[in-house]
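This report goes through strand pairing, charged pairs, cysteines and internal cavities in turn. The sequence and structure come first.

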Amino acid sequence: MTELSLMTATSQDTLSTLRRTSLSGEIVPEEEILPGLRFVTDPAAGMRGHFSSPRNRLLEIHVTHERPARWFGLHLRLDIEDLSDLGVIGFAARVAAPHALSVAPCIRSGTNEGFVDCFYSRQVAALPRPLLHLDALETDGRHVGLPEAAPWRELVLFLPTRDFRLDLHDLRVFAA
């Protein structure tokens, strides 16, 4: 069995940079905050938002929508193309929000036709106090949408499609 490891250098470097530095800015769809980390939004929703990366939090996200959104996601590139030597791919997240909300996590894998999503079995709950969420997908072919080989992969956190604030205290991605 392969040893437990944090994900690839790109995702590790990106998350480490967020932990060490203080960044902030407007959310610009498809524009990378750091290498491999970006927001993807429904262009019809008229979304406006701001993010910051203050001390002791990975990201604080504030978003408003002019119209209901069909989707809104935080995408983290994972440089893991081949799952054949792995048993699981998972993540741990520590989150909080002023009002209860949920986040739907998935692994998005590139295909010749575009991409496929494989959702984790549980959504991430955010409440006014920080909560830890830990989840993993087995990589043995049982999950529709999780191909053994893919030209690219991302961890996508599907965020609320209404106005919200979310504090992502920490995020760790692992494979074993």
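Two strands count as paired if DSSP finds at least two bridges between them, and strands themselves are DSSP runs of at least two residues, numbered from the N terminus. The structure described here is a predicted model.

## Strands S2, S5 and S6

By that rule, strand S5 (residues 47–52) pairs with strand S6 (residues 59–65): the two run antiparallel and are joined by six bridges. Within this pairing, glycine 49 has valine 63 of S6 as its bridge partner. S5 and S6 make up a hairpin, with six residues between them. Asparagine 56, in the turn of this hairpin, has a positive phi of about 75 degrees.

S5 also pairs with strand S2 (residues 24–26), again in the antiparallel sense, over three bridges. In this pairing glutamate 26 is placed opposite histidine 50 of S5.

The loop between S2 and strand S3 (32–34) contains glutamate 30. Glutamate 30 is not a glycine, yet its phi is positive, at about 70 degrees.

## Salt bridges

How many salt bridges does a search of the whole structure find? The search gives 15. Side chains of opposite charge can pair when their charged atoms come close. Three of the pairs are set out below.

| Residue pair | N to O distance |
|---|---|
| glutamate 30 and arginine 38 | 2.5 Å |
| glutamate 60 and arginine 57 | 3.4 Å |
| arginine 165 and glutamate 60 | 3.7 Å |

Glutamate 30, the loop residue with positive phi, thus appears again as the partner of arginine 38. Arginine 38 counts as buried, because its relative accessibility is 18% and the limit for buried is under 20%.

Glutamate 60 takes part in a salt bridge with arginine 57 and in another with arginine 165. The link between arginine 165 and glutamate 60 connects distant parts of the chain: arginine 165 belongs to strand S14 and glutamate 60 to strand S6, and they are 105 residues apart. Salt bridges with shared partners join Arg57, Glu60, Arg165 and Asp167 into one network.

Is glutamate 60 buried or exposed? Glutamate 60 counts as buried, at 14% relative accessibility. Its partner arginine 57 is partly exposed, at 26%, and arginine 165 is likewise classed as partly exposed, at 29%.

Threonine 64 is another residue of strand S6. Its relative accessible area is 33%, so threonine 64 is partly exposed. The C-alpha atoms of threonine 64 and arginine 165 are separated by 9.0 Å, although the two residues are 101 apart along the chain.

## Cysteines

The structure has zero disulfides. A disulfide is a covalent bond between the sulfur atoms of two cysteines. Why is cysteine 106 not bonded to cysteine 118? The closest cysteine sulfur to that of cysteine 106 is the one in cysteine 118, and at 8.0 Å it is too far for a bond; the cut-off for a disulfide is 2.5 Å between sulfurs. Cysteine 118 is likewise in no disulfide, with the sulfur of cysteine 106 as its nearest cysteine sulfur.

Cysteine 106 is buried, with a relative accessible area of 0%. Cysteine 118 is buried too, with a relative accessible area of 3%.

## Cavities

How many cavities of 30 Å³ or more are there? The count is two.

The largest cavity holds about 60 Å³ of space. Its lining is made of Leu15, Leu18, Leu37, Leu58, Leu59, Leu74, Leu76, Leu155, Leu157, Leu168 and Leu171. By class this gives 11 nonpolar residues, no polar and no charged. At least two lining residues come from each of helix H1 (9–20), strand S7 (72–78), strand S13 (153–158) and strand S14 (164–175). S14 is also the strand that holds arginine 165 of the salt-bridge network.

The second largest cavity has a volume of about 30 Å³. Ala93, Val95, Val103, Val124, Leu157 and Leu166 line this second cavity. These are six nonpolar residues, with no polar and no charged ones. Leu157 is found in the lining of the largest cavity and in that of the second largest.

Key:
Residues numbered from 1 in each chain as written. Predicted model: local features only at pLDDT ≥ 70, side-chain atom pairs only at ≥ 80, totals over all residues. Heavy atoms only, no water. 1 Å grid on protein atoms, 1.4 Å probe; cavity = no way out; pocket = protein on both sides within 12 Å on 5 of 7 lines; lining within 4 Å. Points joined across faces, edges and corners; volume = space filled by probe spheres on them. Helix = DSSP H or I, 4+ residues; strand = E, 2+ residues; numbered from the N terminus. Nonpolar A, V, L, I, M, F, W, Y, C, P; charged D, E, K, R; others polar. Buried < 20%, exposed > 50% of the residue type's maximum accessible area, 1.4 Å probe, protein only. Salt bridge = Lys/Arg side-chain N within 4 Å of Asp/Glu carboxyl O.
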